[in-house]
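Good morning, everyone, and thank you for making time for this. Please have the sequence and the structure open in front of you while I talk, and stop me wherever something is unclear.

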Amino acid sequence: MIGSSAARHATLTSSVKVCLIGPSEPKERSKNTDRDIYGSYYDEGRITRSIEPDPMCRGKLATESVKRYREIEDLSGIKFYDEVGCLSIGKGTDTIGTSSESSPIQAFEEQPELLSKKIVDERFNYLKFPDEITGVVETKNAGIINPRKLVQAQQKLAVEQGCTIIDDVVCDVDRIVHSDQTYVMKVVTETGDTVLAKFVLLCTGAFTKLRNMLPQCLNIQHTIAPLTVALVEVDMKLSSTQVLRDMPCVVYYGDRHEDWNIPDVLHADDDIDFYMLPPIKYPDGVQFKSWIGDSCAIMTTPTSRPYIDKIHDQLGVAVGCNGHAAKSSDEIGRLGATMMLQGWSSDIPQHYFKLKFDNQSKL
């Protein structure tokens, strides 16, 4: 999602030739495959909202991205955004992003609504939460995005603006001396294609260290973390009821409810955090009640903010989004592209996104 956004924004500069390299989604998912590079967008639904516990950074990235959703849909003809709203629930206002004086809640065209536990229980009586919670509802600029369709829309516009897309896996990135004695970036793919470029931006997420894309002397401070996904199927009669048609996305940070079946690996005093989407029709159109587990991997950073920074003048990264990239991918991609081509272009200070290396790293 970030790479496709970066490609679209880079191609808005007419004098720049842009190439987007990455593998498409596999047609079948199997454990018996040699493939080890995947994308985070292989799904039909991701949450989007603007209120964040980190309003000056993650909240701003989301707000700027949401502003452009409808424009991207209109220009591409591909619909990916359903404005169903978002209900954020937490133990206190700190956890749902409404306590800070600088919170973007002040700038919303339609003010989000703070809810007591009593009102949450009355309005959303099909959900169960512990007693000590506060809620906030965003009815505008929040809801569901389809990440597959968002990528399709971004890439369609990028191609129309001159981008070349190579369906392949990058295995090596290096800076070399060209025949005219200038430095260029050399990108080699698994199938043997070679691309020479003035600038390279890595939007490679949890797979950044899986190939030779960074200088070997550098170790970025990060952790690869697994996330657990539960896909719960509901039959068509249930999903079409008025209750679930009106259900917003739900974000939760706080204590467990006594009725929740929590795995033994978690201790009784561990905070629980998750987000849940209302029913979404998947491509297989199933109508039977069941559930299946899934998983994904994310790159987390010490700052809990993405890395949008340069390794050197010709190599940059937009990675480490801590599982919060989908809704904000258009702005993260824009910042990465403009950083490489023009310079920093945001009200958010660039030092928020600076890379952190271990003590032994030296370029």
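Of the 363 residues in the protein chain, 43% are buried, and I should say at once that we are looking at a predicted model. The accessible surface of the chain comes to about 19,500 Å², and carbon and sulfur atoms account for 50% of that surface. In terms of secondary structure, the chain has 8 helices and 18 strands. If we take the contacts in the chain with a separation of 6 or more, 72% of them join residues that are 24 or more positions apart.

Let me turn to the beginning of the chain, to helix α1, which covers residues 2-10. How many of the residues of α1 are buried? The count is 9 of the 9, and therefore this helix is largely enclosed by the rest of the structure. The buried residues include Ile2, Gly3 and Ser4 towards one end, and also Arg8, His9 and Ala10. What do these buried residues pack against? Their partners include three helices, namely α2 (55-76), α5 (147-160) and α8 (329-341), and they also include the strands β1 (19-21), β12 (200-202) and β18 (315-319).

Next, a sheet that you can trace by eye. Three strands form an open sheet in the order β2-β7-β3, with antiparallel pairing. The strands β2 (46-48) and β3 (81-82) stand at the edges, and because each has a single partner strand, one side of each is left without a neighbour in the sheet. If we follow β3 to its partner β7, residues 143-145, we find that 2 bridges join these antiparallel strands, and that Tyr81 stands opposite Ile145 in β7.

Finally, the cysteines. How many disulfides does the structure hold? The number is 0, and two cysteines help us to see what lies behind it. For Cys163, the closest cysteine sulfur is that of Cys19, at 6.6 Å, which is too far for a bond, since a disulfide needs the two sulfur atoms to be within 2.5 Å. Cys321 is likewise in no disulfide, as the nearest cysteine sulfur, in Cys203, is 8.9 Å away. Are these two cysteines buried or exposed? Cys163 counts as buried, because its relative accessibility is 6%, and Cys321 is buried as well, with a relative accessible area of 9%, where the cut-off for buried is under 20%.

Definitions and conventions: Residues numbered from 1 in each chain as written. Predicted model: local features only at pLDDT ≥ 70, side-chain atom pairs only at ≥ 80, totals over all residues. Heavy atoms only, no water. Helix = DSSP H or I, 4+ residues; strand = E, 2+ residues; numbered from the N terminus. Buried < 20%, exposed > 50% of the residue type's maximum accessible area, 1.4 Å probe, protein only. Contact = heavy atoms within 4.5 Å. Areas by Shrake-Rupley, 256 points an atom, 1.4 Å probe, with all protein chains shown as cover. Pairing = 2+ DSSP bridges.
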